[in-house]
Amino acid sequence: MFRRKHAPDFNSNDAEQRKAKINELKVALGPLSARGEKYCSEACLKRYLEARNWNVAKSRKMLEESLKWRAAYRPEDIHWPDVSAEGETGKMYRASFRDREGRTIVVMRPTKQNTSSHEGQIRFLVYTLENAILHLPEAQEKMVWLIDFTGWTMAHASPIKTSRETANILQNHYPERLAIGFLFNAPKVFEAFFKVIKVFLDPKTIEKVNFVYQKDEESMKVLHKYIDPEVLPVEFGGNNNVAYNHEEYSELMMKDDIKTANFWADDAKTDHANPATNGTMVPEVKPQASVLAAKAS
């Protein structure tokens, strides 16, 4: 995959030029549904522009595809009871600790896979991503992934179909959301599998992936640079005895479901009251800006 060049004479470090591109993209999108308006915050537009190297036409196409996907898949309407069975083993969850910059950390443990449902696994992924974004602190747009491959074998490998759709969703509908990813204690056999799934990944995403090994002091220094050993769980070579508890996590997610429902409630009513035009519903009233608006996008 080749990197796309920036538009001629465009300087991504120039605040005024970035602002102009963001405004150009907003105008190009045209009228949106209430949920679409809330999703397409300035921070959101900026992420899609960055994902397409500030090419407005390509960013618009990408964002419109995401809006269609969100309208059909309705990720904000997935609730914990819908996916709780997928989370029983703690194979993926929002960590109770954060990185040194206060960013949300998503922990994944592929060896804890407990279902064979493609759709169930994808819905659980989307739910976890939406929840992680909801808990990003103000001014933070990206999260950290901590993936534990201890004991992993090819028997734990996800089907290519699931890996492909996972990569598609992450890159095309959650662009520029990954700050850095750590693959912890990945066995040699995983390298061959990683070469297969790399073809579905953007080069910029691959650059953010770090292989770290508990017995390799130098690689652990990279992990500790981002996550304080005092908050890092013992299983990842840290000093924190925290462990995943499904009942406690379920209670937390149920509370978060209420927050999510409240956030999108008014927009859902507005969208329901307005007829659809080419799949995009136009709101009668613009939603008010809020800190959560930037986080939910």
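What share of the contacts in the protein chain with a separation of 6 or more comes from residues 24 or more positions apart? In this predicted model, such residues account for 76% of those contacts.

**Figure 1. Overview of the protein chain in the predicted model.** The chain is built from 12 helices and seven strands. Of its 297 residues, 46% count as buried, and 76% of the contacts with a separation of 6 or more are made by residues 24 or more positions apart. The views that follow show two helix pairs and several individual residues.

**Figure 2. Packing of helix α1 against helix α4.** Helix α1, which spans residues 15–29, packs on helix α4, residues 56–73, at an angle of about 50 degrees, and the two axes are 10 Å apart. Because an angle under 35 degrees would count as roughly parallel and one of 65 to 115 as roughly perpendicular, α1 is oblique to α4. The crossing of α1 past α4 is right-handed. On the α1 side the contact involves Lys 21, Glu 24, Leu 25, Ala 28 and Leu 29, and these meet Val 56, Ser 59, Arg 60, Leu 63 and Glu 64 of α4. Sorted by class, the residues of this contact comprise five nonpolar, one polar and four charged.

**Figure 3. Packing of helix α6 against helix α7.** Here the angle between helix α6 (residues 118–134) and helix α7 (residues 160–173) is about 25 degrees, with a distance of 10 Å between the axes. The two helices are therefore roughly parallel to each other, and α6 passes α7 in a right-handed crossing. From α6, the residues in the contact are His 118, Gln 121, Ile 122, Leu 125, Val 126 and Leu 129, while α7 contributes Lys 161, Thr 162, Glu 165, Thr 166, Ile 169 and Leu 170. This contact of α6 with α7 has six nonpolar, four polar and two charged residues.

**Figure 4. Ser 117 in the loop that leads from β2 to α6.** Ser 117 lies between β2 (104–108) and α6 and is partly exposed, its relative accessible area being 35%. A polar atom of the Ser 117 side chain is 2.9 Å from the backbone nitrogen of Gly 120. The C-alpha atom of Ser 117 is 9.4 Å from that of Thr 162, although the two residues are 45 residues apart along the chain; Thr 162 is one of the α7 residues in the contact with α6.

**Figure 5. Ser 66 of helix α4 and its surroundings.** Ser 66 is a residue of α4 and is buried, with a relative accessible area of 0%. Beyond its neighbours within four places in sequence, Ser 66 is in contact with Tyr 48, Asn 172 and His 173, and the side chains of Ser 66 and Tyr 48 are joined by a polar contact of 2.8 Å. Tyr 48 belongs to helix α3 (residues 42–51), where the buried residues include Cys 44, Leu 45, Arg 47 and Tyr 48 itself. The C-alpha atoms of Ser 66 and Tyr 174 are separated by 8.6 Å, with these positions 108 residues apart along the chain counted as their spacing.

**Figure 6. Glu 76 in the loop that follows α4.** Glu 76 is placed between α4 and α5 (80–83) and, at a relative accessible area of 7%, is buried. The side chains of Glu 76 and Arg 35 are joined by a polar contact of 2.4 Å. Apart from its neighbours within four places in sequence, Glu 76 is in contact with Arg 35, Arg 70, Thr 260 and Trp 264.

Notes
Residues numbered from 1 in each chain as written. Predicted model: local features only at pLDDT ≥ 70, side-chain atom pairs only at ≥ 80, totals over all residues. Heavy atoms only, no water. Axes fitted to C-alpha atoms, helices over the stretch in contact; angles between N-to-C directions. Helix = DSSP H or I, 4+ residues; strand = E, 2+ residues; numbered from the N terminus. Parallel < 35°, antiparallel > 145°, perpendicular 65-115°, else oblique. Left-handed = near helix turned anticlockwise from the far one by under 90°. Contact = heavy atoms within 4.5 Å. Nonpolar A, V, L, I, M, F, W, Y, C, P; charged D, E, K, R; others polar. Buried < 20%, exposed > 50% of the residue type's maximum accessible area, 1.4 Å probe, protein only. Polar contact = N/O pair within 3.5 Å; in protein donor to acceptor, adjacent residues only side chain to side chain.
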